[in-house]
Amino acid sequence: MRLPGLRAFSLDAGRLCLYTGEAMGNYALILAGGSGTRFWPLSRNARPKQLLDLFGQGSMLSQAVERMRGILPTENIIILTNHLQEAEVRRQAACLPPENIVAEPARRDTAPAVSLGIGLIAARDPQANMMIVPSDSLILNNEAFRDLAAEALALAGRERALITIGIRPTWACPSYGYVERGERLDDPALKYSCYEVKRFREKPDAETAERYLAAGNFSWNAGMFIWNVAHVRRELEEHSPQLADFISRLTQAGDLPRFIAEEFPKLTPISIDYALLEKSSRVLNFEANFDWDDVGSWISVGKYLPTDASGNASNAPVTALESGNNIIFSTGGKRIALIDVDDLIVIETEDALLVTRRCDADKIKKIVDMVPDELH
C-alpha cells in the first residue's frame with residue numbers, strides 16, 4: 001500500500017517522471033471508439049481516424065496516451081474502445097496494462113461509455129479525480145495541455161463541480177456545441193481563468209453561431225471533462241439513476257468482463273451532455289490555452305501537410321502542371337502527377353483510390369456504404 005504523499009517514479013518515453021501522492025490519485029479516461037468513414041479509403045471500421053498516422057507523428061490515440069503520461073502514471077490511463085478496434089488499440093497502446101483497455105460490447109453513446117469509465121476507476125479509487133478526453137483531437141502544444149489539465153484535476157479535488165475545458169472559437173462554426181460562460185471563479189490558487197457555466201448550447205445555425213462568436217463568452221464544447229469520482233456519482237444518482245446504479249453494481253461485480261458484457265448493452269443510449277452536464281447544479285469551464293483541431297475531414301488534414309507554391313498539400317512527391325489547391329495523400333509513396341486540375345482530394349492506398357472535389361468531402365462517408373464490404 002502506498003502511503004499518502006509518497007512519490008512514485010516512472011520512466012515514460014525516455015524521461016523520468018515524478019508523481020506526487022496527489023497525481024497518483026488522478027486518472028484519465030480516453031474515449032477511442034467511432035467509425036472510419038470520413039477518412040476513407042485510409043480509414044476503415046477497424047482503423048478509424050484516431051488510429052491513423054496522418055501527420056507522421058504517430059496516431060492521435062498514441063499522442064493522447066503520451067500526452068496524459070506527462071501528468072499521471074501510465075497505470076492510471078484507461079482506454080474505452082469497441083471490439084472492431086480493440087486489437088489495433090492494444091497494439092498502439094502496448095505501454096498500458098492490458099486490463100486498462102476495455103472494449104464496449106455495444107454502442108451506447110457517451111453517457112454510458114463515460115459511466116463505464118467512472119465505474120472502472122471508482123473500483124480502484126473511490127475518491128479519484130478523473131479526466132475524460134477524446135482520442136481523435138489534434139493537440140500540438142502538449143506542455144500547455146498538461147499544465148491546464150493538472151490545474152483542472154487539482155480543482156476537481158476541492159470544488160463540488162463538474163469541469164469542462166472548452167476551445168476559444170476561431171470562427172462561427174455551426175458544427176460544434178457551445179458552452180456559455182458566466183462569472184469568473186474567485187480562486188486565488190488558480191493560474192488560469194475558470195468560469196461558472198451558464199448553460200450548454202446545442203449546435204447552432206450560422207446566424208446564431210455568429211452571435212456566439214461576437215459575444216465573446218462562448219467556448220466550443222470539445223468533449224473534455226474533469227471531475228471527482230465521488231462527486232460525479234452523487235450527481236448521477238440525482239440526474240441519471242440508471243447510470244448511477246450501473247456504476248454501483250460494476251464496482252461490486254466479481255466477474256467484471258461478464259458484468260460489462262451483460263449489463264452495458266441494457267443502458268439507454270444518451271450523450272453525457274444530455275444525461276448529466278445540462279442538468280448538473282454546477283459546472284465550471286476553463287478555456288483552453290493550447291491549440292486544438294478535431295480534424296474532421298481530409299480538408300482539415302490538408303492544413304498540416306507540406307504545401308507547394310500552388311497550394312497543393314501532400315504527404316507524397318507531386319508534380320503539378322497548372323494545378324492548385326489539391327490535397328493528396330498516398331500510403332505507397334508514389335509520385336502523383338496532376339495536370340490542369342484544381343480543388344481535388346486524391347487519396348491512394350494499397351487497395352483503393354479516391355478522387356473527389358474538395359467541396360464534396362462530406363460525401364465520402366456516403367460512398368463507403370457503396371463499396372465492397374472488404375473495403376469497409
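Which residue in β15 is the bridge partner of T319? The first view gives the answer. All views come from a predicted model.

**View 1. Strands β13 and β15 pair in the parallel sense.**
The bridge partner of T319 is A337, in β15. Strand β13 covers residues 318-321, and strand β15 covers residues 336-339. Four bridges link β13 and β15. Strand β15 has two faces. I336 and L338 make up the covered face. A337 and I339 make up the uncovered face.

**View 2. Confidence varies along the chain of this predicted model.**
The protein averages a pLDDT of 92. A score of at least 70 is reached by 94% of the residues. Residues 1-16 have a pLDDT below 50. Beyond near neighbours in sequence, this stretch has 32 contacts in the model. Where pLDDT is low, the predicted coordinates should not be read in detail.

**View 3. Four strands form an open sheet with mixed pairing.**
The strand order is β12-β14-β16-β17. The edges are β12 (313-314) and β17 (353-357). Each edge strand has a single partner strand, so one side of each is left without a neighbour in the sheet. Strand β16 (residues 344-348) pairs with β17 in the antiparallel sense. Five bridges join β16 and β17. Look for I347: its bridge partner in β17 is L354.

**View 4. F329 is buried in strand β14.**
Strand β14 spans residues 327-330. Why does F329 count as buried? Its relative accessible area is 5%, and buried means under 20%. Leaving out residues up to four places away in sequence, F329 touches L42, D53, L54, W298, L305, N315, V346, I347 and E348. A215 makes a useful landmark for distance. F329 and A215 are 114 residues apart in sequence. From C-alpha to C-alpha, F329 and A215 are 39 Å apart in space.

**View 5. Strand β9 pairs with β8 and with β11.**
Start with β8 (residues 178-184) and β9 (residues 194-201). These strands pair in the antiparallel sense over five bridges. Y178 has R201 as its bridge partner in β9. Now turn to β11 (residues 283-287). The pairing of β9 and β11 is antiparallel too, over three bridges. E196 has L284 as its bridge partner in β11.

**View 6. The second largest pocket holds about 290 Å³ of space.**
Its lining has 15 residues. I101, V102, L256, P257 and I260 lie nearest the pocket's centre. Which element supplies the largest share of the lining? That element is α9, with four residues. At least two lining residues come from each of α3 (86-92), β5 (101-104), α4 (110-124) and α9 (256-263). By class, the lining has 10 nonpolar residues, one polar residue and four charged residues.

**View 7. The largest cavity has a volume of about 70 Å³.**
A search of the whole structure finds two cavities of 30 Å³ or more. The largest cavity is lined by A64, R67, M68, V133, P134, S137, I139, F145, A222, M224 and W292. Elements giving two or more residues to this lining are α2 (60-69), β6 (129-134) and β10 (218-228). The largest share comes from α2, with three residues. Nine lining residues are nonpolar, one is polar and one is charged.

**View 8. The second largest cavity has a volume of about 30 Å³.**
Its lining is made up of R38, G296, S297, W298, A361, D362 and I364. W298 also touches F329. The lining of this cavity divides into three nonpolar, two polar and two charged residues.

**View 9. Some loops hold notable backbone angles.**
W40 and P41 are joined by a cis peptide bond, with omega about 10°. P41 sits in the loop between β3 (26-31) and α2. D109 is not a glycine, yet its phi is positive, at about 70°. D109 lies in the loop between β5 and α4. It is partly exposed, with a relative accessible area of 43%. D343 is also a residue other than glycine with a positive phi, near 60°. The loop between β15 and β16 holds D343. At 35% relative accessibility, D343 counts as partly exposed.

How values were computed
Residues numbered from 1 in each chain as written. Predicted model: local features only at pLDDT ≥ 70, side-chain atom pairs only at ≥ 80, totals over all residues. Heavy atoms only, no water. 1 Å grid on protein atoms, 1.4 Å probe; cavity = no way out; pocket = protein on both sides within 12 Å on 5 of 7 lines; lining within 4 Å. Points joined across faces, edges and corners; volume = space filled by probe spheres on them. Nonpolar A, V, L, I, M, F, W, Y, C, P; charged D, E, K, R; others polar. pLDDT = per-residue confidence, 0-100. Contact = heavy atoms within 4.5 Å. Buried < 20%, exposed > 50% of the residue type's maximum accessible area, 1.4 Å probe, protein only. Pairing = 2+ DSSP bridges.
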